[in-house]
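Me: I am new to this structure. Please walk me through it with a few short questions and answers.

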Amino acid sequence: MRWVVTGGLGFIGSNFIRIALRERPDLEIVNLDAMTYAGNPANLRDIEPARRYRFVHGDIADPAAVREALGDGADAIVNFAAETHVDRSILDPEAFLKTDILGTHVLLEAVREQKIARFLQVSTDEVYGHVAEGESKEDDNLRPRSPYSASKAGGDLQVLAYHTTFGTPVIITRGSNTYGPYQYPEKLIPLFITNLIDDQTVPVYGDGMQIRDWLHVEDHAHGIMHVLEQGELGEIYNIGGGNGRTNLEITEKLMHGCGRDIKTHVRHVADREGHDRRYAIDTAKARALGWKPRVAFESGLPATIQWYRENEAWWRPLKSGEFGEYYKRQYAHR
Ligand code: TYD
């Protein structure tokens with residue numbers, strides 16, 4: 001069995017590769033990754049290139065790189081490669097269109113040409129847009145509201161159109177907000193943890209009453225593997241943790257876990273433009289396949305804080321250089 005995983009040096013992709021190699025002894029993985037700012041070889045520092053793991057440096061939007069990764073074929077492609085940070089999509093939308101839409105298109109063409117049996121597109125609950133109440137179901141209309149989520153929705157629509165038009169064997173997963181080890185420290189949870197470890201303030205956007213549904217990265221990776229192996233072609237599966245929390249609740253828990261005081265360490269800053277207030281997804285369809293989340297948020301969050309405490313050597317280099325420039329651009333004027 002050979003899977004080509006794209007974006008395997010990113011947060012969810014690297015956790016997926018580690019788990020898949022551990023739990024499927026006959027599996028080989030080829031990891032195609034462009035090594036953008038978020039693609040970090042240290043995310044797989046414990047996986048030695050060996051008979052079962054090969055790395056190819058390249059962009060999914062480059063057909064030659066995709067051909068090289070596919071070599072003489074694969075049983076499946078799992079597409080994690082994406083630009084994913086909403087704030088960066090507001091600053092610089094173009095890279096999102098290139099990777100999340102055009103890159104997906106290049107992969108779909110390769111699936112057709114090489115007759116790959118399965119293509120799994122890793123997507124996001126953000127394509128449904130803000131949901132005031134209830135939970136988004138897989139066949140709900142897409143109402144993306146940021147350049148990021150609009151790009152992911154564009155990718156999803158290409159995937160579904162290839163299934164309808166060419167019979168391309170595709171599956172889509174839509175995950176909720178993911179947290180855990182190896183997450184690049186621009187996202188809420190790792191940004192706040194690393195700031196608090198360093199005795200810095202954390203920037204809460206607007207009133208902090210926005211709601212996200214938090215999913216541990218191991219549950220997300222298992223969900224994707226489950227759907228890849230047991231899902232039905234042409235179908236979409238929501239994967240969520242069932243842990244809807246406001247950003248202020250998360251902030252309070254992180255303050256507590258890092259031993260800081262909300263009065264001195266929170267900075268209320270101008271809200272994100274077009275900020276979605278709430279995401280919530282119905283996960284009955286993935287659960288009917290036999291998957292369910294196993295990591296309780298009450299233990300997963302403290303364990304994540306502990307991981308960042310113990311792995312300063314992993315995140316400190318990430319918070320200098322490019323990140324410093326981004327942080328200034330994103331937060332200095334807020
Ligand atoms: P984020 O981790 O960027 O994920 P997403 O925007 O894809 O949901 O943000 C999670 C929530 O936290 C979101 O409502 C925005 C908010 N947030 C802040 O309040 N301050 C911050 O500095 C960041 C990065 C996010």
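**Contacts of one residue**

Reply: Leaving aside its neighbours within four places in sequence, N40 is in contact (heavy atoms within 4.5 Å) with L9, W314 and L318. This is a predicted model, where local features need pLDDT of at least 70, side-chain atom pairs count only at pLDDT 80 or more, and totals for chains, interfaces and linings use all residues. Residues are numbered from 1 along each chain as its sequence is written, and side-chain values use heavy atoms, with hydrogens and water left out.

Me: Is N40 buried or exposed?

Reply: Buried means under 20% relative accessible area, exposed over 50%, and partly exposed in between (1.4 Å probe, protein chains only). N40 has 13% relative accessibility, so N40 counts as buried.

Me: How are α6 and α11 oriented to each other?

Reply: Their axes, lines fitted to C-alpha atoms over the stretch in contact, give angles from 0 to 180 degrees between N-to-C directions. The axes of α6 (residues 188-197) and α11 (residues 297-310) come within 10 Å and cross at roughly 55°. Angles under 35 degrees count as roughly parallel, over 145 as roughly antiparallel, 65 to 115 as roughly perpendicular and the rest as oblique. Therefore α6 and α11 are oblique to each other.

Me: Which strands stand at the edges of the open sheet?

Reply: Two strands pair if DSSP finds at least two bridges between them. Seven strands form the open sheet in the order β3-β2-β1-β4-β5-β6-β10, with parallel pairing. Each edge strand has a single partner strand, so one side is left without a neighbour in the sheet; the edges are β3 and β10.

Note on methods:
Helix = DSSP H or I, 4+ residues; strand = E, 2+ residues; numbered from the N terminus.
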